Amino acid sequence: EVDTHMADNGRYRLRRYGVFYLSQKSLRLDYQSNTTFYQSLGSNPINGGINRGFSSLSDSTIESHFLHALIRLDFKNLPNSITCKNKSWKIGVHQIKIKSFTGRIGLPTPEGIHRDDESFTVQHLIDRHNIASGENLFYGQSLNPSKEAEIKWLQKDFFDSYYFDKSVWHSVSPVESLDGVNEGYRDVLLLDFVPRG
């Protein structure tokens, strides 16, 4: 559903959000209902600084064996120096669709170049349809605003994915309709990982 927390009044972002807790010892997942999402203003100067509520994940998503397996797989691929400790983890699940309407671009990262508050994030491309651009731009662990991105990568295929931690500055270039007539969109699944306690 449309993200109603866009400070630029954009209607191009659709979003669902949910939280699981993961036991590192057993890898058991427990879904948490009625959760909100918070980013600091330092990380998100446009939409940060408030608790944002989004549409909940659907029941079929919450119960999806594939999603559960994916969370565990992504967790196991995080650095061993972090995941070797016996902790509980908060997993944020973000389903995000960015649309480009006729004559209007969509902004995957309206806040521009930024860092995330979460310890680790994994981004999976689900689909892209009738859009140009939407390129992932990475600036490393120090930001010089006039500096070109160190890495540029366009996710093209289903489940093109990347992992990053909270030290990495990054953004995604705007998407626009490829044919200039029909609506286009870019769907991604974000999983963020934060140790509890």
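This is a short talk about one strand, a few salt bridges and the nonpolar cores of the structure above.

Hi everyone, and thanks for having me. One thing before we start: what we are looking at is a predicted model.

Let's begin with strand β1, which covers residues 13-23. Is β1 largely enclosed or not? Eight of its 11 residues are buried, so the rest of the structure largely encloses this strand.

Now, which strands does β1 pair with? Take β6 to begin with, residues 88-100. This strand runs antiparallel to β1, and 11 bridges join the two. If you want a place to put your finger, find G18, which stands opposite V93 in β6. Please remember V93, as we will come back to that residue.

Next comes β5, made of residues 55-56. Here the two strands run parallel, and two bridges join β5 to β1. The spot to look for is R16, which sits opposite S55 in β5.

Then there is β2, residues 29-32, which pairs with β1 in the antiparallel sense over four bridges. In this pairing, L22 faces L29 of β2. Together β1 and β2 make a hairpin, with five residues between them. Have a look at L27 in that turn: its phi is positive, at about 65°.

On to charged side chains. How many salt bridges does a search of the whole structure find? The answer is five, and I'll show you some of them.

One of them joins E1 to R16, with the closest N and O atoms 3.8 Å apart. E1 belongs to the segment before β1, while R16 is in β1 itself, so this pair ties together parts that lie 15 residues apart in sequence. E1 is exposed, at 52% relative accessibility. R16 is partly exposed, at 28%.

Another salt bridge is formed by R28 and D30, at 3.0 Å from N to O. R28 counts as exposed, with 54% relative accessibility, and D30 as partly exposed, with 30%.

Further along the chain, K152 and E148 meet in a salt bridge of 3.4 Å, again N to O. K152 is partly exposed at 47%, whereas E148 is exposed at 58%.

Let's move inside now. In soluble globular proteins, nonpolar side chains tend to be buried together. Which residues touch the most other members of the largest nonpolar core here? That core has 19 residues, and the ones we want are F20, I71, V93, L191 and F193. So there is V93 again, the residue opposite G18.

Where do the members of this core come from? The elements that give two or more residues are β1, β6, helix α2 (65-76), β7 (120-129) and β14 (184-195). Of these, α2 gives the most, with four residues.

To get a feel for the packing, pick L191. Leaving aside neighbours within four places in sequence, L191 is in contact with L67, L70, I71 and D74, with G92 and V93, and with F120, T121, V122 and H124. Apart from this core lies another one, of eight residues, including I98, L125, I131 and L190.

To wrap up, here is the picture I'd like you to keep. Strand β1 is largely enclosed, pairs with β6, β5 and β2, and gives two or more residues to the largest core. Through R16, β1 also takes part in a salt bridge with E1. Thanks for listening!

Methods. Residues numbered from 1 in each chain as written. Predicted model: local features only at pLDDT ≥ 70, side-chain atom pairs only at ≥ 80, totals over all residues. Heavy atoms only, no water. Buried < 20%, exposed > 50% of the residue type's maximum accessible area, 1.4 Å probe, protein only. Pairing = 2+ DSSP bridges. Salt bridge = Lys/Arg side-chain N within 4 Å of Asp/Glu carboxyl O. Core = buried A, V, L, I, M, F, W, Y, C linked by side-chain atoms within 4.5 Å. Contact = heavy atoms within 4.5 Å.
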